[in-house]
Amino acid sequence: MNLKKTYILGIESSCDDTAAAVISDYDILSNVVASQSIHELYGGVVPELASREHQKLILPVVKKTLEEAKINISDLSAIAFTNGPGLVGSLMVGTSFAKSMALALNIPLIAVNHMQAHILAHFINDPGNKNPDFPFLALTISGGHTQIVRVDSYFEMVELGKTLDDAVGEAFDKSGKVIGLKYPAGPEIDKLSKKGDPKKFSFTKPKVNGLNFSFSGLKTNFLNFINKQVRINENFIQENLNDICASLQNVIVEILMEKIIMASKQTGINTIVICGGVSANSEIRDRLKVNSGKYNWNVHIPKISYTTDNAAMIAITGQLKYQNNMFSDFETSANPRLKI
Ligand code: KG4
Ligand code: ZN
């Protein structure tokens with residue numbers, strides 16, 4: 001029997017966060033994220049700038065994560081990296097880096113699907129969040145994705161619904177831009193909403209059948225509403241900022257809750273997990289807790305550092321794949337449109 005401890009390095013570079021983490025036996029030993037603030041100047045992620053920033057940051061971030069994990073590079077058992085979905089240039093930086101490192105160290109390479117990793121982050125050892133039992137439903141909500149996924153086992157996942165246009169994170173970020181908030185606006189809207197009245201203004205909910213979502217109509221409705229109010233009173237935004245944020249957040253959270261309630265009823269599955277950057281939202285967390293009592297759900301909410309883009313989720317997926325001998329060859333390339 002091989003009792004040697006495994007150490008797996010996870011590398012994430014799919015969008016605008018350069019991240020690396022080390023995992024050993026489900027315990028995260030280090031989790032380093034360098035967020036690229038340069039995009040704030042442009043109100044959104046600029047793909048070309050993102051890949052250049054990844055090139056600058058990837059080596060220092062990996063060095064730092066190895067130092068924090070207190071291991072030598074030669075202790076590593078495998079390298080896991082995100083090969084999709086995401087921005088092609090950004091993915092290529094992480095992919096080439098991981099391949100070169102695995103080749104130089106002569107250790108296995110493990111390609112990881114970013115969306116699967118958001119879900120599998122729930123299997124990291126964390127006293128605050130016990131492992132969900134299969135099957136469960138994952139509400140995956142980020143700046144690039146909005147999905148409801150039925151998870152039957154670690155690597156058997158079925159997408160039950162998805163957004164037909166914008167992701168929920170975009171609904172926060174683009175609406176935030178309309179009212180002058182910095183990118184990404186989601187966290188600021190969450191903060192300002194705490195002081196606002198969620199019922200002050202009402203916005204149109206999209207009519208989408210089944211478990212799919214749509215956020216582009218809401219974005220337009222919000223934009224038109226703000227423009228109209230500003231024509232009447234040029235100080236409308238400043239005078240009503242907290243209420244605008246709270247009302248916008250309220251409608252977005254209602255849309256998400258309606259769909260997850262529907263998914264749970266349709267599938268008979270009552271274990272619900274949330275994943276992705278938007279699941280940091282405090283109203284979503286509160287509403288899920290309330291619904292867990294109402295609908296008898298087992299709700300799993302991970303630590304915020306495991307919900308926004310991070311490499312700990314890549315490392316746990318790498319560990320699970322390592323145990324199942326799911327290795328990748330050196331022909332593996334970045335796949336910006338990789339499906340779950
Ligand atoms: O998963 P993530 O870090 O990156 C992507 O893969 O997209 O998600 C980033 C998204 C952004 O749209 C950001 O505004 C949103 O997550 N976000 C939030 C909150 N924290 C981050 N949205 C609402 N409330 C928050 N507290
Ligand atoms: Zn993500």
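## Close-up views of the predicted model

**Figure 1. Aspartate 309, with a relative accessibility of 17%, counts as buried because the cut-off for that word is under 20%.** This close-up, like the others that follow, is taken from a predicted model. Histidine 114 also counts as buried, because its relative accessibility is 4%. Both residues belong to the site of the zinc ion (ligand 2), which is coordinated by His114 through NE2, by His118 through NE2 and by Asp309 through OD, at 2.1 to 2.2 Å. Histidine 114 and aspartate 309 bring together distant parts of the chain, since 195 residues separate the histidine in helix H3 (residues 114-120) from the aspartate in the loop between strand S10 (298-300) and helix H9 (312-323). Written along the chain, the donors of the zinc ion (ligand 2) have the spacing H-x3-H-x190-D. Which angles do the four donor atoms around the zinc ion (ligand 2) subtend? The angles run from 91 to 152°, and the arrangement is therefore irregular. One cut-off helps in following this step, because four donors count as tetrahedral if all angles lie between 85 and 135 degrees, whereas the range at this zinc ion goes up to 152°.

**Figure 2. The largest pocket, with a volume of about 1200 Å³, is shown together with its lining.** A total of 44 residues line this pocket, and those that lie nearest its centre are Asp16, Gly143, Asp173, Tyr183 and Pro184. Two or more residues of the lining come from each of strand S3 (27-35), H3, helix H4 (168-178) and helix H5 (186-193). Among these elements, H4 gives the most to the lining of the largest pocket, namely six residues. When the lining residues are sorted by character, 14 are nonpolar, 21 are polar and nine are charged. Where does the largest pocket lie with respect to domain 1 (8-122 + 307-323) and domain 2 (133-302)? It lies between them, because both domains give residues to its lining.

**Figure 3. The second largest pocket has a volume of about 430 Å³.** Its lining is made of 20 residues, and the closest of them to its centre are His145, Gln147, Glu159, Lys162 and Lys339. The elements that contribute two or more residues to this lining are strand S7 (146-153) and strand S8 (156-162). By character, the lining residues of the second largest pocket divide into six nonpolar, seven polar and seven charged. Because domain 1 (8-122 + 307-323) and domain 2 (133-302) both give residues to the lining, the second largest pocket lies between these domains.

**Figure 4. Cis peptide bonds are found before proline 135 and before proline 184.** In the first part of this view, phenylalanine 134 is joined to proline 135 by a cis peptide bond whose omega is about -10°. Proline 135 has its place in the loop between H3 and strand S6 (136-141). In the second part, the bond that runs from tyrosine 183 to proline 184 is cis, and its omega is near -10°. Proline 184 is placed in the loop between H4 and H5, and Tyr183 and Pro184 are among the residues that lie nearest the centre of the largest pocket.

**Figure 5. Tyrosine 26 has a positive phi although it is not a glycine, and so does asparagine 296.** For tyrosine 26, phi is about 70°, and the residue lies in the loop between strand S2 (17-24) and S3. Its relative accessible area is 26%, which means that tyrosine 26 is partly exposed. For asparagine 296, phi is about 60°, and the residue lies in the loop between helix H8 (282-295) and S10. Is asparagine 296 buried or exposed? With a relative accessible area of 59%, asparagine 296 is exposed.

**Figure 6. Separation in sequence and distance in space are set side by side for valine 178 with isoleucine 237 and for lysine 4 with isoleucine 38.** Valine 178 lies in helix H4 and counts as partly exposed because its relative accessibility is 29%. Although their positions lie 59 residues apart in sequence, valine 178 and isoleucine 237 are 9.7 Å apart in space, from C-alpha to C-alpha. Lysine 4 is found in the segment before strand S1 (8-12), and with a relative accessible area of 61% it is exposed. Lysine 4 and isoleucine 38 are 34 residues apart in sequence, while their C-alpha atoms are 42 Å apart in space.

Key:
Residues are numbered from 1 along each chain as its sequence is written. Chains are lettered from A and ligands numbered from 1 in the order in which they are written. This is a predicted model: local features need pLDDT of at least 70, side-chain atom pairs count only at pLDDT 80 or more; totals for chains, interfaces and linings use all residues. Side-chain values use heavy atoms; hydrogens and water are left out. Donors are N, O and S atoms within 2.8 Å of the metal (3.2 Å for Na, K and Ca); water is not among the atoms, so sites may look incomplete. Four donors count as tetrahedral if all angles lie between 85 and 135 degrees; four count as square planar and six as octahedral if opposite donors are over 155 degrees apart and all others between 65 and 115; anything else is irregular. Helices (H or I, at least four residues) and strands (E, at least two) are DSSP runs, numbered from the N terminus. Buried means under 20% relative accessible area, exposed over 50%, partly exposed in between (1.4 Å probe, protein chains only). On a 1 Å grid over the protein atoms alone, a cavity is a set of points where a 1.4 Å probe fits but cannot get out, and a pocket is an open set with protein on both sides within 12 Å along at least five of seven lines; lining residues have an atom within 4 Å of a point. Grid points are joined across faces, edges and corners, and a volume is the space filled by probe spheres set on the points. Ala, Val, Leu, Ile, Met, Phe, Trp, Tyr, Cys and Pro count as nonpolar, Asp, Glu, Lys and Arg as charged, and the others, Gly among them, as polar. Domain bounds come from an automatic or database domain assignment.
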